[in-house]
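Here is a round of questions on how the labels for one structure are earned. Have the sequence and the 3D view at hand.

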Amino acid sequence: MLTLEAFEEAAENVKKVTQETKLVYSQYLSEQAGNRVYLKPENMQVTGAYKVRGAHYKISTLTPEEREKGLITASAGNHAQGVAYAAKEYGVKAVIVMPTTTPLIKVNRTKSYGAEVILHGDVYDEACEYAEKLAAEEGYTFVHPFNDLAVATGQGTIAMEIVKELPLVEYILVPVGGGGLATGVSTLAKMLNPNIKVIGVEPEGAACLKASFEAGHVVTLPKVTTIADGTAVKTPGDLIFPYLQKNLDDIITVSDDELIVAFLDMVENHKMIVENSGLLTVAALKHLPVKDKRVVAILSGGNMDVITMSSVVSHGLIQRDRIFTVSVLLPDKPGELVRVASIIADEQGNVIKLDHNQFVSVNRNAAVELKITMEAFGTEHKQRIVEALKRNGYKPKLTHANL
């Protein structure tokens, strides 16, 4: 069982491998959400995520014989790094099975802690099945990333830190993949103060816990589709499910598009890199049906590869109308391009790219197509630029932004 004594022991244990992640008050998100919003930046841990807590505490509870066999686990990345780092601290072997879709940065960092990495399966569940098979064949000690009470106890130490720093906290938002973090945080939070509301947040495309809550028992999703790779889990943990049913007050789901916007918010307003799974709680803030409450959003990790980051930023800028593309038809004669550019410049639009197609029509004198990709301050500014083009006799058509 999850006990207060175990949580206290874990809180002391994890101090050996964790950074102090003080709460960060967010003026920007507070104004957006209508609540007093604090961020718990677990993305600032040495391994880039909270997972080192549960991994280190779990290993501390193993016998010397269990450690000497070597450890094996499956993970989409953050638990992998947590186990690899903790195993290195204990001087034992670690084998990590990761989905083939795992971002390269997570694979390389896991290897950098001395672990052996095996890529297998398209999603976490397939990697986990293979890791359990290897554990049986090779005699390794299996460390489950979430369906383990000791691991959940280690993750729950986050709740103790939150309550110590913000005793009057009223809501805690916690990302949900398999449910280990949510189990630890919600259980300990309720032990410390039964009035604290703990809300789980899942991606819409991988809402396995929500489906399980609705069914009243653990269910397996047929598939998962989300950019939040760290929480792309088909089946929540059956050992921890009763704790989640008892202690989690609600579940919010958010779309991938909301995560993209949340990434921009964190980069531009807080100068933080937070991975998509860690952004679940930020995206969920606007879905909270309360006002003027003290809310803590746990940022579970910050391990995002640069290519994914680039893609998220591009899509986020397009979603917020900070970058857009218009197509206009104009006569093929000198001066027309300059005229269009002047109209845009007068409205303070910043041209990023031009595509001048002279072959859009057989009659080039009648019309050529000019596609303009430009930067704007947002939707209102974008509309102002489009209206200016219309006033000057053009018929701008908005097309898919081409970066």
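**Labels and the values behind them**

Histidine 56 touches Asn13, Lys16, Val17, Ala86, Glu89 and Tyr90, leaving aside residues up to four places away in sequence. The model is predicted.

Q: What makes each of these residues a contact of histidine 56?
A: Contact means heavy atoms within 4.5 Å. Asn13, Lys16, Val17, Ala86, Glu89 and Tyr90 are listed as touching histidine 56.

Q: Why is histidine 56 called buried?
A: Buried means under 20% relative accessible area. Histidine 56 has 3% relative accessibility, so it counts as buried.

Q: Which helix holds histidine 56?
A: Histidine 56 lies in helix H3, residues 52–61.

Q: Why is H3 described as largely enclosed by the rest of the structure?
A: Eight of its ten residues are buried, so the description follows. The buried residues are Val52, Arg53, Gly54, Ala55, His56, Tyr57, Lys58 and Ile59.

Q: What do the buried residues of H3 pack against?
A: Their partners are helix H1 (4–14), strand S2 (36–41), helix H4 (64–68), strand S3 (71–74), helix H5 (78–90) and helix H8 (149–165).

Q: Is threonine 183 buried or exposed?
A: The cut-off for buried is under 20%. Threonine 183 has a relative accessible area of 0%, so it is buried. Threonine 183 is found in helix H9.

Q: Which residues does threonine 183 touch, not counting those up to four places away in sequence?
A: Threonine 183 touches Leu2, Ala152, Ile240, Tyr243 and Leu244.

Q: Why is methionine 191 called partly exposed?
A: Buried is under 20%, exposed is over 50%, and partly exposed lies in between. Methionine 191 has a relative accessible area of 36%, so it is partly exposed. Methionine 191 is also in helix H9, which covers residues 180–192.

Q: What makes methionine 191 eligible for a surface patch?
A: A patch residue needs over 30% relative accessible area. Methionine 191 has 36%, so it passes that cut-off. Leu4, Met191 and Leu192 form a nonpolar patch on the surface, with about 220 Å² of accessible area together.

Q: How do you know that strand S7 is mostly covered?
A: S7 spans residues 171–175, and five of its five residues are buried.

Q: Which residues of S7 point one way, and which the other?
A: Tyr171, Leu173 and Pro175 point one way, while Ile172 and Val174 point the other way, and all are buried. In a regular strand the side chains alternate between the two faces of the sheet.

Q: Why are S7 and strand S8 said to pair?
A: Pairing needs at least two bridges. S7 and S8 (residues 197–203) have five bridges, so they pair, in the parallel sense. Proline 175 stands opposite valine 201 in S8.

Q: What is the hand of the β-α-β crossover from S7 to S8?
A: The chain goes from S7 through H9 to S8, and this crossover is right-handed.

Q: How do you know that S7 pairs with strand S10?
A: The requirement is at least two bridges. S7 and S10 (residues 294–299) have three, so they pair, again in the parallel sense. The bridge partner of tyrosine 171 in S10 is valine 295.

Q: How many helices and strands does the chain have?
A: The chain has 16 helices and 14 strands. Buried residues make up 57% of its 403 residues.

Note on methods
Residues numbered from 1 in each chain as written. Predicted model: local features only at pLDDT ≥ 70, side-chain atom pairs only at ≥ 80, totals over all residues. Heavy atoms only, no water. Patch = residues over 30% accessible without salt bridge, like charges linked within 9 Å, V, L, I, M, F, W, Y side chains within 5 Å. Areas by Shrake-Rupley, 256 points an atom, 1.4 Å probe, with all protein chains shown as cover. Salt bridge = Lys/Arg side-chain N within 4 Å of Asp/Glu carboxyl O. Helix = DSSP H or I, 4+ residues; strand = E, 2+ residues; numbered from the N terminus. Buried < 20%, exposed > 50% of the residue type's maximum accessible area, 1.4 Å probe, protein only. Right-handed = clockwise from strand over helix to strand, strands pointing away.
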